[in-house]
Amino acid sequence: MNHDTVAVLLGGLRTFTAGEIRRLTHAQVEEHVARLAAQLIEAYGQETVRQFRYTAIPRGGLLVLGILAYVLDVPAARLLPATNDAPLVVVDDCSLTGLRFGEFLASLKAERVIFAHLASHPALRDTIVEQEPNVVACFAATDLRDLAPDFYAEEAEYRAWHERWQARFEGRRYWIGLPEHIVFPWSEPDRPYWNPLTEGVENGWRLGAPDRCLKNRARLALPPLSDARRQWRSPDDLAYHLEADALTLVHLPSERVYGFTGVAVEMWRALAAYGDPEAVTRHVLALYEAEPERVRRDVLAFIRDLHAAALLEPVRDL
């Protein structure tokens, strides 16, 4: 990995990781959903919100809607397709620019829409209500702070940055900023950055450990194993960029960058997915012709090296 590539990776990562990184547990998600439900009840009344119709933006919104329906005790019939007899509540996990909501809204035939989600910037919600006549309200359980002013303190610099991203993005965005990064147990939203080497927008960095973020685990493209027993996991202070044949790991506190190719990439993928040295060994043997004991020793040595570099941590010590 050459110096220019490392500089680009770290440059994108610094804007990606600035400020607080919110990693929500399942218990915290339930608290956020309860807060969202309370906002709906305060605005419309408990019995009224039970009679609204509800739908969700796939896929994270479906999970949030399931919890919200229990919290509000929404009748199952109100979650099914129906005539336009009541406001339609569109549910999602978060909204960073409003792109997904705008696309989903265009597919609806509802006269009155309420957008309810777990996290967004207040300016995004205000803009949606201003620009969409059939959206009567937007609610979010928590606000995301815009980090862009921290990077672009001068007004002219900020305006130039904003205009550049308006030109780079495809599709309609209601708001453009650098919202705090949030990771759900089921998903980590894409956070694009500009790569000046390729002159393109890229979505590569991941901060959610695959064993604690379902979408990131699915990105590893490895099937679940019923007999895997997790002994190792990725730490929270690790960022990673995985491509077809290359892996970059960054230890965030020190910004040390590590590049891997070949069999090391496969070892890490299996470690991230399973955390079980024996499962990793089986995965490598399925891809390469080698002596099993030799592979087993190589896997254990790889684990020791990652652990020594603080790129892997034992589950038993948590």
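# A walk through the model, starting at α10 and α12

Select Ala-264, Met-267, Trp-268 and Leu-271 in α10, and you'll find them meeting Asp-298, Val-299, Phe-302, Ile-303 and Leu-306 in α12, where contact means heavy atoms within 4.5 Å. Element names are DSSP runs numbered from the N terminus: helices are H or I with at least four residues, strands are E with at least two. The residues of this α10–α12 contact divide into eight nonpolar, no polar and one charged. For that split, Ala, Val, Leu, Ile, Met, Phe, Trp, Tyr, Cys and Pro count as nonpolar, Asp, Glu, Lys and Arg as charged, and the others, Gly among them, as polar.

Before going on, a word on what is loaded: this is a predicted model, in which local features need pLDDT of at least 70 and side-chain atom pairs count only at pLDDT 80 or more, while totals for chains, interfaces and linings use all residues. Residues are numbered from 1 along each chain as its sequence is written, and side-chain values use heavy atoms, with hydrogens and water left out.

**Stay on the helices**

Draw the axes of α10 and α12: they are 11 Å apart, and the helices pack at an angle of about 75 degrees. Axes here are lines fitted to C-alpha atoms, for helices over the stretch in contact, and angles run from 0 to 180 degrees between N-to-C directions. The two helices are therefore roughly perpendicular to each other; the scheme takes angles under 35 degrees as roughly parallel, over 145 as roughly antiparallel, 65 to 115 as roughly perpendicular and the rest as oblique.

Now keep α10 (residues 263-274) and add α11 (residues 277-287): this pair packs at about 140 degrees, with axes 9 Å apart. That makes α10 oblique to α11. The crossing of α10 and α11 is right-handed, meaning that the near helix is turned clockwise from the far one by less than a right angle (anticlockwise would be left-handed). To light up the contact, pick Val-263, Glu-266, Met-267, Arg-269, Ala-270, Leu-271 and Tyr-274 on α10, plus Ala-279, Val-280, His-283, Val-284 and Leu-287 on α11. Those residues come out as nine nonpolar, one polar and two charged.

While you're here, click Ala-301, which is in α12 (residues 292-308). Ala-301 is partly exposed, at 25% relative accessible area; buried means under 20%, exposed over 50%, and partly exposed in between (1.4 Å probe, protein chains only). Try a distance from Ala-301 to Arg-191: they are 110 residues apart in sequence and 33 Å apart in space, C-alpha to C-alpha.

**Over to the sheet**

Show β2, β3, β4 and β5, in that order: these four strands make an open sheet with parallel pairing. Strands pair if DSSP finds at least two bridges between them. β2 (53-56) and β5 (135-143) stand at the edges with a single partner strand each, so one side of each has no neighbour in the sheet. From one strand to the next, the twist averages 20 degrees.

Zoom in on β4 (residues 113-120), joined to β5 by seven bridges. Ser-120 stands opposite Asp-143 in β5. Turn on helix α2 (residues 26-44), which packs on the sheet, touches β4 and β5, and makes about 145 degrees with the direction of β5. Then add α4 (residues 60-72), lying across β2, β3 (88-95) and β4 and running at about 125 degrees to β3.

Next, select Arg-125 in helix α6 (residues 122-131). Is Arg-125 buried or exposed? At 12% relative accessibility, Arg-125 counts as buried. Neighbours within four places in sequence aside, Arg-125 contacts His-117, Ser-120, Cys-138, Phe-139, Ala-140, Thr-142 and Asp-143.

**Backbone stops**

Most residues other than glycine have a negative phi, and most peptide bonds are trans. Go to the loop between β2 and α4, where Arg-59 lies: the peptide bond from Pro-58 to Arg-59 is cis, with omega near 0 degrees.

Then jump to Glu-255, in the loop between β12 (246-251) and β13 (256-261). Its phi is positive, near 60 degrees, and Glu-255 is partly exposed at 31%. One more: Ala-310, in the loop between α12 and β14 (313-314), has a positive phi of about 65 degrees. Ala-310 is partly exposed too, at 30% relative accessibility.

**Zoom out**

Display the whole chain: twelve helices and 14 strands, with C-alpha atoms filling a box of roughly 65 × 50 × 30 Å along the principal axes. Of its 318 residues, 48% count as buried.
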